[in-house]
Amino acid sequence: MVAMENVFNIFGWILSIVTAAGNGFVMFLVAKNRHLHSPANWFVFSLAVADFGVGIAVFPSSYFCHYSTACNDIVYVALFWFFLHSSVTNLCTLTWDRYVAIVHPFKYNNSMTKRRPAVVIPIAWLIPFAISLLLLIGMYATTSKTALKVLRLASVSTFDIVSCVLLFYAVVRILVVARAHSHQEAVIEQQIQRSSHSCSESTVTEPANSRRRKKHNTALFVTALVLFFLGCYVVVNYLVLSAAFSGHEVSNKTSQVVTFLLVVNSAVNPLVYALFKRDMKMVIISRIICRENSKRSNQKRPTVCSSKI
């Protein structure tokens, strides 16, 4: 039992470091590269900040409170859910941004200005702050186990379930619309190719191909983020609700599994950016190529290509 707990602690610290490092790199990448300063990438940046907070706070605070008597359990619970719900709300805003861009492209082009993220992102942080503040006040105001259980179910599980339903609907809608658009554009390209035999044919079809690839990559990017989130949070909420309605205290093993799954979700997000988000993928590849070229040429200064990234 002790050996298993030690293994969990080791994996927990490794996972927390990986989560903080990966999301810290994403934050650096977006902040450093000007051509990544798009409204969509500011939502990615905000999500990376939230996931960075999960990495540095969720498991370390859980570890500290488990082995220390100086921990304030009420403050710990409030901070625990603040960081986790910040990740959820920022994922919702990112998905909403991509949902409008794919499902309502004309509306998105007219409404999504550079100032819009400055309005939406603070709201994504204020909602989890309000929930955590409610939890904090409620836990200080009452000691009734029934009241605390209702408070946690209302502010934590209800929030997570509603978020999961909305995200699932958005992803299904994005996939359906993206596939329909891709099919329509493919049919149009075939009609152009049949009716046109001039040399300008390639210049007509190339922009359409580019748009179709962009929509396909965006759909994959959002789908990968949301599906992994749903996989983790469905299990987490099942465990939390089972413990709540069984009438028994949450076991240490259940608590460890919940914490592990919640941190894993935030740890995977940077990998999804690197694999499925095309602009970030190109920046990462360019940096790797430039670094390799710099090593081969034994230059002390950065290469020309690295300055353009």
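Which residues does Phe159 touch, not counting residues up to four places away in sequence? Let's work up to that and a few other puzzles. This is a predicted model, where local features need pLDDT of at least 70, side-chain atom pairs count only at pLDDT 80 or more, and totals for chains, interfaces and linings use all residues. Residues are numbered from 1 along each chain as its sequence is written, and side-chain values use heavy atoms, with hydrogens and water left out.

**Exercise 1. Describe the surroundings of Phe159.**

Step 1: Find its place. Phe159 lies in helix 6; helices (H or I, at least four residues) are DSSP runs, numbered from the N terminus.

Step 2: Check its cover. Phe159 has 15% relative accessibility, so it counts as buried (buried means under 20% relative accessible area, exposed over 50%, partly exposed in between, with a 1.4 Å probe and protein chains only).

Step 3: List the contacts (heavy atoms within 4.5 Å). Leaving out residues up to four places away in sequence, Phe159 touches His85, Val88, Thr89, Ile127, Ile131 and Ala154.

Step 4: Look at one partner. Thr89 is 70 residues from Phe159 along the chain, yet their C-alpha atoms are separated by 9.8 Å.

**Exercise 2. Work out whether Ser87 is buried or exposed, and which side chain it meets in a polar contact.**

Step 1: Ser87 is found in helix 3, which covers residues 73–103.

Step 2: The relative accessible area of Ser87 is 4%, so this residue is buried.

Step 3: The side chains of Ser87 and Asp51 are joined by a polar contact of 2.7 Å. That term means a pair of N or O atoms within 3.5 Å; within protein, one must be able to donate a hydrogen and the other to accept it, and residues adjacent in sequence count only if both atoms are side-chain atoms.

Step 4: Setting aside neighbours within four places in sequence, the contacts of Ser87 include Leu47, Val54 and Asn265.

**Exercise 3. Classify two of the aromatic pairs.**

Step 1: Know what to look at. A pair of aromatic rings is described by the distance of the centres and the angle of the planes. Rings of Phe, Tyr and Trp (its six-membered ring) pair if their centres lie within 6.5 Å; planes under 30 degrees apart count as stacked, over 60 as edge-to-face and the rest as tilted.

Step 2: The structure holds 14 aromatic pairs. Take Phe8 and Phe260: their ring centres are 6.5 Å apart and their planes are at 50°, so this pair is tilted.

Step 3: See where they sit. Phe8 is in helix 1 (residues 2–32) and Phe260 in helix 8 (residues 252–276), 252 residues apart, so to speak a link between distant parts of the chain. Phe8 is buried at 14% relative accessible area, while Phe260 is partly exposed at 32%.

Step 4: Now try Phe82 and Phe83. Their ring centres are 5.4 Å apart and their planes are at 65°, so the pair is edge-to-face.

Step 5: Phe8 and Phe260 also belong to one aromatic cluster with Trp13, Phe59 and Tyr63.

**Exercise 4. Find which helix gives the most to the largest nonpolar core.**

Step 1: Get the overall layout. The protein has ten helices and zero strands.

Step 2: Meet the core (a set of buried Ala, Val, Leu, Ile, Met, Phe, Trp, Tyr and Cys residues joined through side-chain atoms within 4.5 Å). It has 61 residues, and Leu84, Phe221, Phe229, Tyr233 and Tyr273 touch the most other members.

Step 3: Helix 3 gives the most to this core, with 13 residues.

Definitions and conventions
Helix = DSSP H or I, 4+ residues; strand = E, 2+ residues; numbered from the N terminus.
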